[in-house]
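Work through the exercises below with the structure open beside you. Try each task before you read its solution.

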Amino acid sequence: MAEHLPLRIAVEHASQMILGRGAVTCLQDEVRPTSVILLGEAGILALAPPDEYPHDWPSSTPVPGFALSQEKDGSILWWRVTSKNERAIRLSHAPTSIELASQAVMDKQLADKVVRSAHRYYKTQVLEPSVRGFLGILEKQFPRSDLYIWELLQNAVDDGARVVILEQTATANSDQNEGVRFTHDGRRFT
């Protein structure tokens, strides 16, 4: 059997062919590491693989209208999901960007799932030797933690921002700060 890209990377590549580079992110599902959540500006665009969804999807949340799967040869297939109770239908071609966006879903429960999945993914990635090395380089480049803020401000100004908002975030059940949210009205960072 020929080797091929892991599902998360293959799905991201296939979706970038439709939406463009930087328009989507693929996350491993927090509960099922073999499953992928395809996330875009409109919300959750698709899930992979379709045979694991929507069966274990939370009952009170909407299901995205598309799913993807990977064949043994590594190629990606697109599927249409019509409801939680029906099997996905294989498509003969990839959906358009408009179709993907129109079938995207997001609510508070799904947003929480995305955040938990991203947290789990990046918590794992930090343990990788190459990432640890990169973080070490960043620590040398920015010996003080406040210098990251100045770099973000400079990047925002370079991208045409007139307004920049920097706010501390906290979890719903805690007074402890979880992190920092940085937003601006300039061009999107790439």
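The exercises that follow deal with a predicted model.

**Exercise 1. The whole chain**

Task: State how many helices and strands the protein chain has, and give their pattern along the sequence.

Solution:
- Step 1. Count the elements. The protein chain has five helices and eight strands.
- Step 2. Read them along the sequence. The pattern is α-β-β-β-β-β-β-α-α-α-α-β-β.
- Step 3. Add the burial. Of the 190 residues in the protein chain, 31% are buried.
- Step 4. Turn to the surface. The accessible surface is about 12,400 Å². Carbon and sulfur atoms hold 54% of that surface.
- Step 5. Look at contacts. Take those in the protein chain with a separation of 6 or more: 44% of them link residues 24 or more positions apart.

**Exercise 2. The sheet**

Task: Give the strand order of the open sheet, and find which strands stand at its edges.

Solution:
- Step 1. Recall the general rule. Strands of a sheet pair through backbone hydrogen bonds, in a parallel or an antiparallel way.
- Step 2. Write the order. The open sheet has six strands in the order 1-2-3-4-5-6, and its pairing is mixed.
- Step 3. Find the edges. Strand 1 and strand 6 each have a single partner strand, so one side of each has no neighbour in the sheet.

**Exercise 3. Around strand 2**

Task: Describe how strand 2 pairs with strand 1 and with strand 3, and say whether its residues are buried or exposed.

Solution:
- Step 1. Take strand 1, residues 24–28. Five bridges join strand 1 to strand 2, and the two run antiparallel. Within this pairing, Leu 27 has Ile 37 of strand 2 as its bridge partner.
- Step 2. Take strand 3, residues 43–48. Strand 3 is also joined to strand 2 by five bridges, again antiparallel. Here Ile 37 has Leu 47 as its bridge partner.
- Step 3. Find the link. A hairpin of two residues leads from strand 2 to strand 3.
- Step 4. Check the cover. Strand 2 covers residues 36–40, and five of its five residues are buried.
- Step 5. Sort the directions. Val 36, Leu 38 and Gly 40 point one way, while Ile 37 and Leu 39 point the other way. Residues of both groups are buried.

**Exercise 4. Strands 4, 5 and 6**

Task: Trace the bridges from strand 4 through strand 5 to strand 6.

Solution:
- Step 1. Pair strand 4 (residues 66–70) with strand 5 (residues 76–80). They are antiparallel, with five bridges. Phe 66 has Arg 80 of strand 5 as its bridge partner.
- Step 2. Look at the turn. Strand 4 and strand 5 form a hairpin with five residues between them. In this turn, Gly 74 has a positive phi of about 95°.
- Step 3. Move on to strand 6, residues 89–90. Strand 5 and strand 6 pair antiparallel over two bridges. Arg 80 has Ile 89 as its bridge partner in strand 6.
- Step 4. Pick out Leu 77, which is in strand 5. Its relative accessible area is 12%. The cut-off for buried is under 20%, so Leu 77 is buried.
- Step 5. List what Leu 77 touches. Beyond residues up to four places away in sequence, these are Ala 67, Leu 68, Ser 69, Glu 71 and Arg 90.

**Exercise 5. Two residues of helix 3**

Task: For Ser 117 and Val 114, decide whether each is buried or exposed, and list the contacts of each.

Solution:
- Step 1. Place them. Ser 117 is in helix 3, residues 108–125. Val 114 lies in helix 3 too.
- Step 2. Apply the cut-off of under 20%. Ser 117 has a relative accessible area of 1%, so Ser 117 is buried. Val 114 is at 10%, so Val 114 is buried as well.
- Step 3. List contacts, leaving out residues up to four places away. Ser 117 touches Leu 27, Gln 28, Asp 29, Glu 30 and Ile 37. Val 114 is in contact with Leu 27, Leu 39, Ile 44 and Met 106.
- Step 4. Compare sequence with space. Val 114 and Glu 30 are 84 residues apart in sequence, and their C-alpha atoms are 8.0 Å apart.

**Exercise 6. A pocket**

Task: Name the residues that line the second largest pocket, and sort them by class.

Solution:
- Step 1. Start with the volume. The second largest pocket holds about 150 Å³ of space.
- Step 2. Name the lining. It consists of Arg 21, Gly 22, Arg 188, Phe 189 and Thr 190.
- Step 3. Sort by class. The lining has one nonpolar, two polar and two charged residues.

Notes: Residues are numbered from 1 along each chain as its sequence is written. This is a predicted model: local features need pLDDT of at least 70, side-chain atom pairs count only at pLDDT 80 or more; totals for chains, interfaces and linings use all residues. Side-chain values use heavy atoms; hydrogens and water are left out. On a 1 Å grid over the protein atoms alone, a cavity is a set of points where a 1.4 Å probe fits but cannot get out, and a pocket is an open set with protein on both sides within 12 Å along at least five of seven lines; lining residues have an atom within 4 Å of a point. Grid points are joined across faces, edges and corners, and a volume is the space filled by probe spheres set on the points. Ala, Val, Leu, Ile, Met, Phe, Trp, Tyr, Cys and Pro count as nonpolar, Asp, Glu, Lys and Arg as charged, and the others, Gly among them, as polar. Two strands pair if DSSP finds at least two bridges between them. Helices (H or I, at least four residues) and strands (E, at least two) are DSSP runs, numbered from the N terminus. Buried means under 20% relative accessible area, exposed over 50%, partly exposed in between (1.4 Å probe, protein chains only). Contact means heavy atoms within 4.5 Å. Accessible areas come from the Shrake-Rupley method with a 1.4 Å probe; for residues, only the protein chains shown count as cover.
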